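The following paragraphs offer a guided reading of one protein chain. Please keep the sequence and the three-dimensional view at hand while reading.

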Amino acid sequence: MARNSSTDEQALAEAMVARARVAMAAIADYDQARVDRLAQAIGWALGHETTFGRLARMSVDESGIGDREGRVTKRFKIHGILRDALRSPSVGVIEDDPVKGIVKYAKPAGVIASIVPMTNPELTPPGTAIYAIKARDAVIFSPHPRTRRTTNEVVRILREVMEREDVPADVFQCVEEPTIPLAQELMARCDLTLATGGAAMVRAAYSSGKPAFGVGGGNSTMVIDETADIAEAARNTRLSKTSDHGSGCSADGNLLIDHRIYDAVVARLRAEGGHLATAEEKALLQRAMWDDDGTRIVATVAQPAPKLAAGAGFAVCRL
């Protein structure tokens with residue numbers, strides 16, 4: 001069971017939140033054009049090919065998971081986030097329904113505690129920052145201990161971007177030495193929590209006493225029904241599971257295939273380079289990737305298939 005936060009951790013959390021509120025007060029009157037400009041500045045700075053490439057490789061080297069070259073391509077997600085954000089109003093009147101007589105005004109949520117996962121320390125902070133600055137919110141990022149250097153470097157760049165735009169750098173802050181008790185302290189003090197991580201961390205976010213959005217481990221199930229383009233579906237699965245070894249949130253978690261096309265889909269997946277495990281190999285993988293309590297072994301997350309198979313005791317061909 002996690003220990004309680006120390007006096008020093010409580011004082012640090014209190015000070016960070018106080019600085020964040022001062023920074024928020026300084027941007028409280030920014031109009032739509034100003035916050036859109038700031039969102040663009042973040043997107044282009046962190047989505048820059050050289051900058052993001054350095055951060056992506058740094059994150060893989062620090063965490064030991066994922067693929068250095070595959071992760072570099074995730075910079076385009078920052079561009080996509082920016083595109084979507086710029087399409088939505090976030091200041092003043094954001095919706096006017098004269099039929100119902102309802103007018104909606106946007107207001108900041110407040111200081112956000114962002115719990116950053118080790119799988120995306122170079123991508124989660126820029127995405128969160130774009131939407132936060134659009135809403136005139138401040139963010140305190142709490143890194144995963146295994147990727148704290150990468151997350152702090154990303155937030156250092158975010159702060160530089162804000163300073164260049166004459167915005168208080170404390171709109172974005174990052175914990176230098178993360179601990180679970182400090183993260184819990186921040187979640188209790190901030191106005192909103194965005195938590196991506198293990199089940200325990202997500203439960204802590206929902207139990208913090210403040211609004212929270214949590215995402216636990218594991219990605220989405222992909223349903224392939226009888227109407228699917230089988231060749232396209234198999235190709236997409238191959239791309240999804242081999243890019244950065246499937247570490248991204250948008251990567252296929254698992255497949256649910258309609259029984260009427262099951263054999264055809266499996267055949268196409270094998271044609272794409274997939275390996276169909278035998279019952280014995282499945283059992284070996286289960287023992288190698290999960291402990292006796294059913295908890296995923298971290299060292300097996302976002303690893304290449306040949307490495308996972310070798311660790312389990314059998315061999316597969318490399319794509």
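Across which strands does α7 lie? Helix α7 lies across β4 and β5, and its direction runs at about 155 degrees to β5. Before this answer is developed, it should be said that the model is a predicted one.

The sheet is the best place to begin. It is an open sheet of five strands in the order β5-β4-β3-β6-β7, and the pairing is parallel. Its edge strands are β5 and β7, the latter covering residues 212–215, and each of these two pairs on one side only. On average, neighbouring strands of this sheet are turned by 15 degrees against each other, direction ignored. In general terms, the strands of a sheet are joined through backbone hydrogen bonds, in either a parallel or an antiparallel manner.

Within this sheet, β3 and β4 deserve a closer look. The two strands pair in the parallel sense over five bridges. Two positions of this pairing can be located exactly: Ser114 has Phe141 of β4 as its bridge partner, and Ile115 stands opposite Ser142 in β4. Helix α1, residues 7–26, packs on the sheet and touches β3, β4 and β5, and its direction makes about 150 degrees with that of β4.

Is strand β4 buried or exposed? Five of the five residues of β4 are buried, so the strand is largely enclosed by the rest of the structure. As a general rule, side chains in a regular strand alternate between the two faces of the sheet. In β4, Ala138, Ile140 and Ser142 are on one side, while Val139 and Phe141 are on the other, and all of them are buried. Both faces of β4 are thus covered.

Ser114 shows the surroundings of the neighbouring strand. This residue is found in β3, which spans residues 111–115. Because the relative accessible area of Ser114 is 1%, and buried means under 20%, Ser114 counts as buried. Leaving aside neighbours within four places in sequence, Ser114 is in contact with Thr124, Thr128, Val139, Ile140, Phe141, Ser142 and Leu194.

The discussion now returns to α7 and to its helical partner. The axes of α3 (residues 49–63) and α7 (residues 148–164) come within 8 Å and cross at roughly 160 degrees. Angles over 145 degrees count as roughly antiparallel, and therefore α3 is roughly antiparallel to α7. On the α3 side the contact involves Thr51, Arg54, Leu55, Met58, Ser59 and Glu62, which meet Arg148, Arg149, Thr150, Glu153, Val154, Arg156 and Ile157 in α7. By class, the residues of this contact are four nonpolar, three polar and six charged.

A second helix pair is formed by α8 (residues 180–189) and α9 (residues 199–206), whose axes come within 9 Å and cross at roughly 30 degrees. Angles under 35 degrees count as roughly parallel, so α8 is roughly parallel to α9. The crossing of α8 and α9 is right-handed. Ala183, Gln184 and Met187 of α8 make the contact with Met201, Ala204 and Ala205 of α9. Five of the residues in this contact are nonpolar, one is polar and none is charged.

A third pair consists of α10 (residues 230–242) and α11 (residues 262–271). Their axes come within 9 Å and cross at roughly 50 degrees, which means that α10 is oblique to α11. This crossing, too, is right-handed. Ile230, Ala231, Ala234 and Thr237 of α10 make the contact with Ala264, Val265, Arg268 and Leu269 of α11. The contact of α10 with α11 has six nonpolar residues, one polar residue and one charged residue.

Finally, two loop residues merit attention for their backbone. Arg136 has a positive phi of about 65 degrees although it is not a glycine, and Asp166, likewise not a glycine, has a positive phi of about 60 degrees. Arg136 lies in the loop between α6 and β4, whereas Asp166 is placed in the loop between α7 and β5. Which of the two terms, buried or exposed, applies to Arg136? Arg136 is buried, since its relative accessible area is 8%. Asp166, by contrast, is exposed, with a relative accessible area of 66%.

Note on methods:
Residues numbered from 1 in each chain as written. Predicted model: local features only at pLDDT ≥ 70, side-chain atom pairs only at ≥ 80, totals over all residues. Heavy atoms only, no water. Axes fitted to C-alpha atoms, helices over the stretch in contact; angles between N-to-C directions. Helix = DSSP H or I, 4+ residues; strand = E, 2+ residues; numbered from the N terminus. Parallel < 35°, antiparallel > 145°, perpendicular 65-115°, else oblique. Left-handed = near helix turned anticlockwise from the far one by under 90°. Contact = heavy atoms within 4.5 Å. Nonpolar A, V, L, I, M, F, W, Y, C, P; charged D, E, K, R; others polar. Buried < 20%, exposed > 50% of the residue type's maximum accessible area, 1.4 Å probe, protein only. Pairing = 2+ DSSP bridges.
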